[in-house]
Amino acid sequence: MDGGYYMLCIKNGTLVAPQGRWRANIFIENGKIVPESCADPSAECYDASGCLIFPGFIDAHTHLEMDTGTTVTADDFPSGTGAALIGGTTVILDFATQERGGTLSDALRIWHSRADGRCACDYGFHMAVTEWNDAVRAELPIMAEQGVTSFKAYMAYDNLRLNDDELRELFAAARGIGVVGVHCELGDMVNRRVSELLDEGHIEPLWHPRSRPNEVEALAVRRCLELAREANGNAWVVHLSTREGLDEIASARALGQNILCETCPQYLTLTDDVYDAPDFEGAKFVCSPPIRSETDREGLWKGIYENNIDIISTDHCSFRFRGQKELGKDSFADIPNGLPGIEHRPALLWTYGVAAGRITAERFVDLLSAEPARRFGLSGKKGNLEPGADADIVIWDPDAEWTLTADTIHMAADYSPWEGCAMKGRARAVFLRGELSAENGRIIRPNDGQYLFRGPSL
């Protein structure tokens, strides 16, 4: 289908949207979905018999090619977006991060230099603000002109975090542009607990979650929402992991506050007993916030059922176990924080959600496609199967059964947190803007990703 005019018909599948599902053919003309009335009898056909047809999935939280100061994430933009595409994700939103003393424009330029021409799926950027002053405030409208309409702030990590006054001002300044995502952990409490545990000689990975108990997140969520309310700003709570944090969000929403709530597959599928693995294997699961208890896991599923969780992203931040996670052999505080998940988010949510009877296929597409598109300024273009939208389409085999193992992943990490898990459902074929770009675990078009200029985010 390279070059010039083309039309494609995807036939014999079942289309799925948040509102329902129906049997229909879907027609594509020059990268866009078009009405059936525009059908060309000579159109090439793709047979989707036995499959569901979803709009391409959107991962709104990734960290590719990120330098932590001590190491660099295993996945760069080619490997990360390639793995994402194979799994059915056609859009990622990565975090461009301001350097202390640097500008937002500098950060955006650096991230473009890393991603442009090197992505297998479409991509956009959030802007992480690590230093707040009048010059940075003046750059927010410039970011919007460049298609960046969402921002991030940290309440933890001394080299990244803003104080309360700065965060409140960021919420206020971004109010007319978009949402501010916040990493909700109380940094001072984390620092104190880490120091105390290390002083007591506790260095193993199992002490990582003990350095960040539930109240570290829940109290930070409460404070974040208070600051957003004071500023009349739009808050996005990223990678929520606790039942108590979800209670804070539900209470604020009951008072009418506008909040976007995100969680991740690791908090829906794993429990904190992973940190007890012998021989330093627990380091594979070190991320922040940490993986929580069964009670928290069930609370998050309840939050999805009750519509208090809006989107599921990965927070993909991959490191190899050998040579990278092992940097923390002598101290859990030195283990690089993050998990690889960009490839398997859809299959994990299908296996543990839809196939397990926790959610419907309609809710699945809402969490992974429709709601991220709506919230991050991509409505009408991404996340739906309506005429006029980009033809980002996933042909999904709901009955595929397979085992997730490290030797079959396409990410650059050397392990999977879900090693040996029996999986149900996977992407058979993935179309990016109407082009067959991945099929049966193989990338066909590795560099077709385009940068997305986004409208206002909510």
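**Figure 1. Strands β4 and β5 run antiparallel, joined by three bridges.** Welcome to the first close-up of this predicted model. Strand β4 covers residues 26-29, and one of its residues, E29, stands opposite K32 in β5. The pair belongs to an open sheet of four strands, and following the order β5-β4-β1-β6 will take you across it. The pairing in this sheet is mixed. At the edges you will find β5 (32-34) and β6 (44-47), each of which pairs on one side only. Neighbouring strands here are turned by 30° against each other on average, with direction ignored.

**Figure 2. Seven strands make an open sheet with mixed pairing.** To find your way through it, use the order β3-β2-β7-β16-β17-β18-β19. The edge positions belong to β3 (20-23) and β19 (442-443). Each of these has a single partner strand, so one side of each is left without a neighbour in the sheet. At the β19 end, strand β18 (residues 435-439) pairs with β19 in the antiparallel sense, over two bridges. Look there for E439, which stands opposite R442 in β19.

**Figure 3. Strand β8 is mostly covered and pairs with β9.** How many residues of β8 (residues 57-62) are buried? Six of its six residues are. Its pairing with strand β9 (residues 89-97) is in the parallel sense and rests on four bridges. As a landmark in this view, take D59, which stands opposite I92 in β9. It may help to recall that in a regular strand the side chains alternate between the two faces of the sheet.

**Figure 4. The largest pocket holds about 1,200 Å³ of space.** Its lining counts 45 residues, and the closest to its centre are M66, T68, Y157, N159 and L160. Which element gives the most to this lining? That is α2, with five residues. At least two residues each come from α2 (104-115), β11 (150-154), α5 (187-199) and α6 (207-211). By residue type, the lining divides into 17 nonpolar, 18 polar and ten charged.

**Figure 5. The second largest pocket has a volume of about 260 Å³.** It is lined by 18 residues, and those closest to its centre are I86, W402, R426, A427 and G441. Two or more lining residues come from each of α1 (77-87), α11 (345-354), β16 (393-404) and β17 (421-432). Here β16 gives the most, with five residues. Strands β16 and β17 also appear in the seven-strand order of Figure 2. The lining of this pocket divides into seven nonpolar, seven polar and four charged residues.

**Figure 6. Two cysteines are shown in a structure with zero disulfides.** A disulfide is a covalent bond between the sulfur atoms of two cysteines. A search of the whole structure finds zero of them. C9 is in no disulfide, and the nearest cysteine sulfur, in C45, is 4.3 Å away. With 6% relative accessibility, C9 counts as buried. Why is C421 without a bond to C287? The sulfur in C287 is the closest cysteine sulfur to that of C421, but it is 15 Å away, too far for a bond. C421 is buried too, with a relative accessible area of 18%.

**Figure 7. A cis peptide bond joins S288 and P289 in this view of the loop between α9 and α10.** Omega for this bond is about 0°, and P289 has its place in the loop. S293 is also found in the loop between α9 (265-269) and α10 (294-305). With 23% relative accessibility, S293 counts as partly exposed. Although S293 and D272 are 21 residues apart in sequence, their C-alpha atoms are 5.5 Å apart in space.

**Figure 8. H239 and R433 have positive phi values.** Most residues other than glycine have a negative phi, and most peptide bonds are trans. H239 is not a glycine, yet its phi is positive at about 35°. You will find H239 in the loop between β13 (235-237) and α8 (243-254). Is H239 buried or exposed? It is buried, with a relative accessible area of 2%. R433, another residue other than glycine, has a positive phi near 50°. Its place is in the loop between β17 and β18, and R433 is buried with a relative accessible area of 16%.

Terms used. Residues numbered from 1 in each chain as written. Predicted model: local features only at pLDDT ≥ 70, side-chain atom pairs only at ≥ 80, totals over all residues. Heavy atoms only, no water. 1 Å grid on protein atoms, 1.4 Å probe; cavity = no way out; pocket = protein on both sides within 12 Å on 5 of 7 lines; lining within 4 Å. Points joined across faces, edges and corners; volume = space filled by probe spheres on them. Nonpolar A, V, L, I, M, F, W, Y, C, P; charged D, E, K, R; others polar. Disulfide = S-S within 2.5 Å. Buried < 20%, exposed > 50% of the residue type's maximum accessible area, 1.4 Å probe, protein only. Pairing = 2+ DSSP bridges. Axes fitted to C-alpha atoms, helices over the stretch in contact; angles between N-to-C directions.
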